[in-house]
Amino acid sequence: MRMSDTGDIWWKNAVVYCADVETFQDSDGDGVGDLRGMTDRIEYLADLGVTCLWLMPFYPTARKDDGYDITDFFGVDPRLGTLGDFVELVRTARAHGIRVIIDFVMNHTSDQHPWFRSARRSREDPYRDYYVWSRTKPRSSAKDVVFPDQEDSIWERDEKTGDYYLHHFYKHQPDLNVANPLVQEEISRTLGFWLTLGVSGFRVDAVPFLFARDGVPGVDDAEAFNPDRYLGDVRAFVTRRVGDAVLLGEVNLPYPEQRRFFGGDDGDGLNMQFDFIGMQRFYLSLARGDAGPLTEALRERPRLDVTSQWASFVRNHDELTLDKLTTKERQEVFDAFGPDPDMQLYDRGLRRRLPPMVSGDERRIRLAYSLMFSLPGTPVLFYGEEIGMGENLEVPGRLAVRTPMQWTPARGGGFSSGTSRRLTRPMPDGLWGPEHINVADQRRDTASLWWFIRRLARRYRQLPQSGWATLEVLDHSVPAVLAHVSRCEDWAMLAVHNLGEEGAIVPLTVADLPEGARLVDVLGERPDVAVDPSGRLVLEVEPYGYRWLLVVRDGEEPLL
């Protein structure tokens with residue numbers, strides 16, 4: 001396979017960057033980030049090595065859930081700009097080699113959306129079946145509730161008709177009835193609109209919640225709707241409109257169920273899904289200093305068809321969910337990285353960014369991102385990760401990690417020229433404030449985290465086979481070390497990561513190496529590593545150290 005033949009599947013080796021327009025760059029001094037500000041920073045993203053920009057919701061909103069409570073799927077929040085500003089952002093990004101994908105919330109609307117305002121008027125309203133209703137209140141257990149500090153049920157009684165409507169999230173976010181063909185038409189109309197404006201795909205929010213009916217009387221969940229067929233229809237629709245459009249799904253489920261949402265063997269569902277299981281096991285391994293949990297996850301991770309892909313991430317925009325760990329395992333991670341109850345959320349996750357979790361230990365921070373970029377899959381960065389931004393625990397809930405981007409050490413962190421009290425959200429202070437952590441200082445320092453992340457992104461792009469590779473985790477005798485080989489046809493790379501606080505000497509055997517091959521260190525300037533004819537070698541790895549070793553045939557030189 002030649003990499004030049006794979007352009008239509010560009011997401012297989014993209015570098016994705018998630019940003020919130022509201023907190024990225026304010027262009028007019030009102031304290032709120034906007035689309036023009038985002039456009040002004042496209043050159044920065046291109047310099048970092050980003051090839052795909054994922055925008056969190058920027059639609060008109062009731063402003064109760066940071067934009068995820070949408071009142072109009074076809075517009076732009078006036079605080080953030082106009083549709084013209086959006087088109088200019090997409091055009092500018094494309095000119096810099098960056099595609100744009102946008103958050104698409106198919107599961108629910110705001111209760112202020114015109115559809116729901118109409119639907120709640122009467123049982124006979126034309127929009128009534130756009131949502132899920134019950135004459136009596138169905139049972140709802142605590143495990144069904146996504147936000148237990150705010151809600152005690154996923155059903156809410158509507159005063160007008162006395163019926164109950166389904167809301168997997170907040171009561172002000174009624175679930176759409178995706179089984180209704182009219183709702184499916186609305187979804188297709190919305191997807192088609194944004195594709196026409198130039199987007200390259202969608203990050204699909206809360207995918208598993210799209211299809212559950214959760215005990216509506218007289219409705220069998222298993223027979224109510226076929227999610228596999230519907231996701232296939234959505235994928236077929238977007239690719240008819242834009243042949244290389246991508247669907248990146250948020251599916252926090254065990255691996256076998258995730259494989260189902262990919263479309264199984266046929267791969268005709270979601271193109272990409274986040275590897276939530278791998279992420280959670282990584283934090284358990286980091287807390288223990290033992291690669292075992294992550295090793296198990298990577299060995300369990302299903303292989304996918306050629307058009308499907310795992311998205312690797314260290315942090316996203318929500319709480320750092322640990323819900324797929326056992327209660328005991330989750331407590332281990334809490335004890336290591338978030339012992340204060342205020343750092344935890346819903347007893348299932350942490351509302352922290354990685355650098356404060358590890359007390360600013362840059363060895364562990366670099367280890368985490370080296371691992372993310374080395375794994376077969378597509379790396380996804382959350383804004384501010386490239387400079388090691390921290391959270392602000394004074395900001396409530398999940399918003400603690402969605403503070404304004406820290407560009408300079410100046411007042412307002414270079415995010416806004418407005419006063420601090422006008423900022424959409426307060427920045428961290430102290431050691432994690434912009435006077436200590438900011439883009440400007442780090443871009444001037446080639447030893448900084450920013451330059452390290454940039455080097456990882458560039459190396460990942462220079463080794464495009466990594467995005468197409470299969471994964472082999474190697475057996476060895478050092479518990480703290482993860483060693484894996486990525487392979488793509490006759491290309492291979494060995495990566496070694498030490499999650500322990502002590503250095504390690506690791507004996508390894510790498511099978512099926514070409515005769516006379518050597519291993520070239522592609523992240524540093526270390527000597528080549530010799531390999532005997534049976535593939536045996538010994539590597540020395542520092543505490544929290546990492547190595548990327550490219551397999552190079554005799555007489556060849558890598559173009560890096």
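Is Y165 buried or exposed, and what is its relative accessible area? In this predicted model, Y165 is buried, with a relative accessible area of 4%. The report begins with the surroundings of this residue and then turns to the barrel, the cores and selected loop residues.

## The sheet around Y165

Y165 belongs to strand β6 (residues 164–166). Strands β4, β6 and β5 form an open sheet of three strands, in the order β4-β6-β5, with antiparallel pairing. Because β4 and β5 (155–157) each have a single partner strand, they stand at the edges, and one side of each is left without a neighbour in the sheet. The antiparallel pairing of β4 with β6 extends over two bridges. W133 has Y165 as its bridge partner in β6.

The side chains of these two bridge partners also form an aromatic pair. The ring centres of W133 and Y165 are 5.8 Å apart and the planes stand at 70°, so the pair is edge-to-face. W133 lies in strand β4 (residues 133–134) and Y165 in β6, so this pair ties together parts that are 32 residues apart in sequence. W133 is itself buried, because its relative accessible area of 13% falls under the 20% cut-off. R128 lies over the face of W133, at 3.6 Å from the ring centre.

## Aromatic pairs and charges over rings

Across the whole structure, a search finds 38 aromatic pairs. One of them joins F116 and Y165, whose ring centres are 5.0 Å apart with planes at 70°, so this pair is edge-to-face. Since F116 is in helix α5 (residues 114–119) and Y165 is in β6, the contact ties together parts that are 49 residues apart in sequence. F116 and Y165 are both buried.

Elsewhere, one aromatic cluster is formed by Y17, F24, Y44, F382, Y383, W407, W450 and W451. The ring of W407, a member of this cluster, has the charged end of R41 over it, 3.7 Å from the ring centre.

## The barrel

Eight strands make a closed barrel in the order β1-β2-β3-β7-β8-β9-β10-β14, with parallel pairing. From one strand to the next, the twist averages 25°. Within this barrel, strand β2 (residues 52–55) runs parallel to strand β3 (residues 99–104) and is joined to it by four bridges. L55 has I102 as its bridge partner in β3. Helix α14 (residues 362–374) lies across the barrel strands β10 (309–313) and β14 (378–382), and runs at about 140° to β14.

## Nonpolar cores

In soluble globular proteins, nonpolar side chains tend to be buried together. The largest nonpolar core in this model comprises 146 residues, and those with the most contacts inside it are Y17, F202 and Y283. Y17 is also part of the aromatic cluster described above. Leaving out residues up to four places away in sequence, F202 touches I101, I102, F104, L191, W194, L195, V238, V246, L247 and L248. I102 in this list is the bridge partner of L55. A second, separate core has 21 residues, including V481, A492, A517 and V531.

Helix α11 (residues 292–300) has P293, L294, T295, A297 and L298 as its buried residues. These buried residues pack against α9 (255–262), α10 (276–288), α14, β15 (470–473) and β16 (481–488).

## Residues in loops

Three loop residues are compared in the table by location and accessibility.

| Residue | Loop | Relative accessible area |
|---|---|---|
| D175 | between β6 and α6 (181–196) | 2%, buried |
| Y544 | between β20 (536–541) and β21 (546–552) | 7%, buried |
| D347 | between β12 (344–345) and β13 (349–350) | 54%, exposed |

What is in contact with D175, leaving aside its neighbours within four places in sequence? The residues in contact with D175 are N107, H108, Y130, Y131, V132, L166, H167, H168 and F209.

The backbone of the other two residues is notable for the sign of phi. D347 has a positive phi of about 60° although it is not a glycine. For Y544, also a residue other than glycine, phi is positive and near 55°.

Terms used
Residues are numbered from 1 along each chain as its sequence is written. This is a predicted model: local features need pLDDT of at least 70, side-chain atom pairs count only at pLDDT 80 or more; totals for chains, interfaces and linings use all residues. Side-chain values use heavy atoms; hydrogens and water are left out. Two strands pair if DSSP finds at least two bridges between them. Axes are lines fitted to C-alpha atoms, for helices over the stretch in contact, and angles run from 0 to 180 degrees between N-to-C directions. Contact means heavy atoms within 4.5 Å. A nonpolar core is a set of buried Ala, Val, Leu, Ile, Met, Phe, Trp, Tyr and Cys residues joined through side-chain atoms within 4.5 Å. Buried means under 20% relative accessible area, exposed over 50%, partly exposed in between (1.4 Å probe, protein chains only). Rings of Phe, Tyr and Trp (its six-membered ring) pair if their centres lie within 6.5 Å; planes under 30 degrees apart count as stacked, over 60 as edge-to-face and the rest as tilted. A charge sits over a ring if NZ of Lys or CZ of Arg is within 6 Å of the ring centre and within 35 degrees of the ring normal.
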